[in-house]
Amino acid sequence: MNKKIYMLLPAVLAVLVFSLSQEASLAKEGLHQASVHQVNDGDTITLRFEGRKYRARLIGIDAPEMKQRPWGRRAKEHLLQIMRRTNWTVYVETDVERQDKYGRIFVYLWKQKHALLNELLIAYGSAVVI
């Protein structure tokens with residue numbers, strides 16, 4: 001088989017597992033509309049919602065750090081492209097654990113209440129499932 005298929009297979013499987021684990025989220029109850037103020041890196045953004053600004057970490061994924069060149073910059077650029085396509089507006093869903101040790105809130109980000117952006121980053125190869 002083609003090497004590209006073997007390279008894509010783990011990403012596709014990760015997306016499927018991630019999607020199945022998020023079935024309950026598809027009800028979309030408790031989502032908050034937010035504006036994206038800044039993309040900090042491939043898995044961290046700054047949001048404005050509920051009248052405040054929050055630094056947020058995307059749940060369930062890990063993107064390369066900015067110092068991991070060139071991959072960190074590419075992951076950030078990919079997230080920037082996604083945010084531009086959403087007109088910098090997303091829907092935020094939190095989980096049981098609300099914050100990490102750095103004070104960032106944990107979030108799932110939805111585009112127009114139907115596409116999980118955390119999942120898109122995995123599908124495009126910009127992040128991995130953690």
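## Arg 57 and its acidic partners

Let's start with Arg 57: at 11% relative accessibility it counts as buried, because the cut-off for buried is under 20%. This is a predicted model, so everything here describes that prediction. Arg 57 sits in strand β3 (residues 52-58).

Who does Arg 57 pair up with? Asp 43, Arg 57 and Asp 62 are linked in a network of salt bridges. One link joins the side chains of Asp 43 and Arg 57, at 3.5 Å from N to O. That pair ties together distant parts of the chain, since Asp 43 belongs to the loop between β1 and β2 and lies 14 residues apart from Arg 57. Asp 43 is buried, just like Arg 57. The other link runs from Asp 62 to Arg 57, again with the closest N and O atoms 3.5 Å apart. Asp 62 has 30% relative accessibility, so it counts as partly exposed.

## Another salt bridge

The model has four salt bridges by count. One of them brings together the side chains of Arg 104 and Asp 100, with 2.6 Å between N and O. Are these two buried or exposed? Both Arg 104 and Asp 100 are buried.

## Lys 76, a charge without a bridge

Now for a residue that goes without. Lys 76 lies in helix α2, which covers residues 71-85. Lys 76 is buried, yet has no salt bridge. Why not? A salt bridge needs a side-chain nitrogen within 4 Å of a carboxyl oxygen, and the nearest side chain of opposite charge, Glu 77, is 6.7 Å away from Lys 76.

What does Lys 76 touch instead? Leaving out residues up to four places away in sequence, Lys 76 is in contact with Val 39, Asn 40, Asp 41, Gly 42 and Met 66.

## Helix α2 and what covers it

Lys 76 has company in being buried: the buried residues of α2 are Gly 72, Ala 75, Lys 76, His 78, Leu 79, Leu 80, Ile 82 and Met 83. What lies over them? The cover includes strands β1 (32-39), β2 (44-49), β5 (89-93) and β6 (105-111), along with helix α3 (117-123).

The length of α2 can be checked too. With 15 residues at 1.5 Å each, α2 should span 21 Å, and its end C-alpha atoms are indeed 21 Å apart, so the two agree. Just after α2 comes Asn 87, which takes a positive phi of about 60°.

## Strand β5 and its neighbours

One of the strands covering α2 is β5. How many residues of β5 are buried? Four of its five are, so the strand is mostly covered.

β5 pairs with two strands named above. With β1, the pairing is antiparallel and has four bridges; here His 32 stands opposite Val 92 of β5. With β6, β5 also runs antiparallel, joined by three bridges. Val 92 turns up again there, standing opposite Leu 109 in β6.

## A tilted aromatic pair

The count of aromatic pairs comes to one. Phe 49 and Tyr 54 make up that pair, with 4.8 Å from centre to centre and 35° between the planes, which makes it tilted. Are the two rings' residues buried or exposed? Phe 49 has 5% relative accessibility, so it counts as buried. Tyr 54, at 13% relative accessibility, counts as buried as well.

Methods: Residues numbered from 1 in each chain as written. Predicted model: local features only at pLDDT ≥ 70, side-chain atom pairs only at ≥ 80, totals over all residues. Heavy atoms only, no water. Buried < 20%, exposed > 50% of the residue type's maximum accessible area, 1.4 Å probe, protein only. Lys, Arg positive; Asp, Glu negative; His and termini not counted. Contact = heavy atoms within 4.5 Å. Expected span 1.5 Å × (residues − 1). Phe/Tyr/Trp six-rings, centres within 6.5 Å; stacked < 30°, edge-to-face > 60°. Pairing = 2+ DSSP bridges.
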